[in-house]
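Let's walk through this protein together, step by step. Keep the picture open as you read, and look for each residue as it comes up.

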Amino acid sequence: MTGVPASAAGGSSSARRTGPRGASGAAQEPGERTSPGDAVDRGTAERGATEGGATGRGGKIAAAAVNQASVWNVANLLTMLRLLLVPAFVALMLGNGGYDPAWRSFAWAAFAIAMITDLFDGHLARTYDLVTDFGKIADPIADKAIMGAALICLSALGDLPWWVTAVILGRELGITVLRFVVIRYGVIPASRGGKLKTLTQGIAVGMYVLALTGPLATLRFWVMAVAVVLTVATGLDYVKQAIVLRRRGIAERRAALKETEV
């Protein structure tokens with residue numbers, strides 16, 4: 001090929017710099033041809049990359065939105081039902097003077113439904129990832145509300161000594177406060193003893209709600225005695241766990257401070 005003048009070479013170089021752009025936005029070499037298929041492929045690739053990034057970001061947002069379970073899920077609805085059962089239970093328990101066997105039977109039915117929903121709502125929330133902030137707050141409130149209402153009604157009617165009600169409710173309130181006090185160091189897990197305590201309390205209180213006589217009345221006394229023993233024993237165990245957790249947390253913080261100083 002014959003020599004090319006410098007100006008022509010410069011023009012060619014300039015053409016390469018300022019020449020027509022391809023679908024990808026890069027300058028085309030002189031004589032380089034872009035077929036319609038190539039343009040479509042490049043455009044598709046660029047759109048895919050752009051949309052892929054947007055989809056990636058949007059996908060994370062969508063995933064986060066999905067992970068946030070709706071407040072109106074089955075677990076929370078059961079918790080709401082339990083809260084609504086509290087005033088209904090009190091009305092039935094005190095209906096017709098508080099000693100009518102029929103009214104007490106209806107009150108027992110409301111109490112039993114509340115206890116059963118207590119067993120299911122937490123399990124459903126954990127199993128199907130339905131845990132919400134509302135559930136975390138409302139569930140323990142509903143548990144203590146129905147149990148507290150039953151104990152107070154029984155003591156007010158003279159069926160259960162006030163000291164039993166004071167021990168059980170005092171323990172529940174005290175452990176709840178204790179959990180919040182030591183939460184900065186960790187969470188006190190629910191123990192098997194605590195679950196057994198809850199079950200025994202539910203059975204004992206349910207037996208007292210019913211107008212039982214004879215051997216069944218004697219049996220409910222002993223079931224309540226076991227419930228009180230478990231209430232005190234598990235309460236002391238939680239206190240022990242809280243002390244250990246706090247000491248461990250303080251020790252870990254001191255060790256971390258020493259490492260930062262070094």
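How many aromatic pairs does a search of the whole structure find? The search finds 2 of them. Bear in mind that what you are looking at is a predicted model.

Begin with Phe89 and Phe111, whose rings form a tilted pair. Their centres are 5.9 Å apart, and there are 45° between the planes. Phe89 belongs to helix α3 and Phe111 to helix α4, so this pair ties together parts that lie 22 residues apart in sequence. Are these two rings buried or exposed? Phe89 has a relative accessibility of 0%, so it counts as buried. Phe111 is buried as well, because its relative accessible area is 2%, and the cut-off for buried is under 20%.

Now turn to the other pair, formed by Phe221 and Trp222. Here the arrangement is edge-to-face, with 5.2 Å from centre to centre and 80° between the planes. Phe221 is partly exposed, with a relative accessible area of 45%. Trp222 has a value of 54% and therefore counts as exposed, since exposed means over 50%.

Let's go back to Phe89 and see what surrounds it. Leaving aside neighbours within four places in sequence, Phe89 is in contact with Ala107, Ala110, Phe111, Ile146, Ala149, Ala150 and Val209.

Phe89 also takes part in something wider, the largest nonpolar core, which has 30 residues. Which of its members touch the most other members? They are Phe89, Met93, Phe111, Val205 and Met224. Two or more residues of this core come from each of the helices α3 (74-94), α4 (101-127), α5 (133-156), α6 (162-181), α7 (192-209) and α8 (215-261). Helix α5 gives the most, with 7 residues. Apart from this core lies another one, made of 6 residues, and among them are Val182, Tyr238, Ala242 and Leu245.

Finally, let's look at the surface. Where can you find a nonpolar patch there? Look for Val71, Trp72, Leu77 and Phe134, which make a patch of about 400 Å². One of these residues, Leu77, lies in helix α3, the helix that also holds Phe89. Leu77 has a relative accessible area of 40%, so it is partly exposed, whereas Phe89 is buried at 0%.

How values were computed:
Residues numbered from 1 in each chain as written. Predicted model: local features only at pLDDT ≥ 70, side-chain atom pairs only at ≥ 80, totals over all residues. Heavy atoms only, no water. Core = buried A, V, L, I, M, F, W, Y, C linked by side-chain atoms within 4.5 Å. Buried < 20%, exposed > 50% of the residue type's maximum accessible area, 1.4 Å probe, protein only. Helix = DSSP H or I, 4+ residues; strand = E, 2+ residues; numbered from the N terminus. Contact = heavy atoms within 4.5 Å. Patch = residues over 30% accessible without salt bridge, like charges linked within 9 Å, V, L, I, M, F, W, Y side chains within 5 Å. Areas by Shrake-Rupley, 256 points an atom, 1.4 Å probe, with all protein chains shown as cover. Salt bridge = Lys/Arg side-chain N within 4 Å of Asp/Glu carboxyl O. Phe/Tyr/Trp six-rings, centres within 6.5 Å; stacked < 30°, edge-to-face > 60°.
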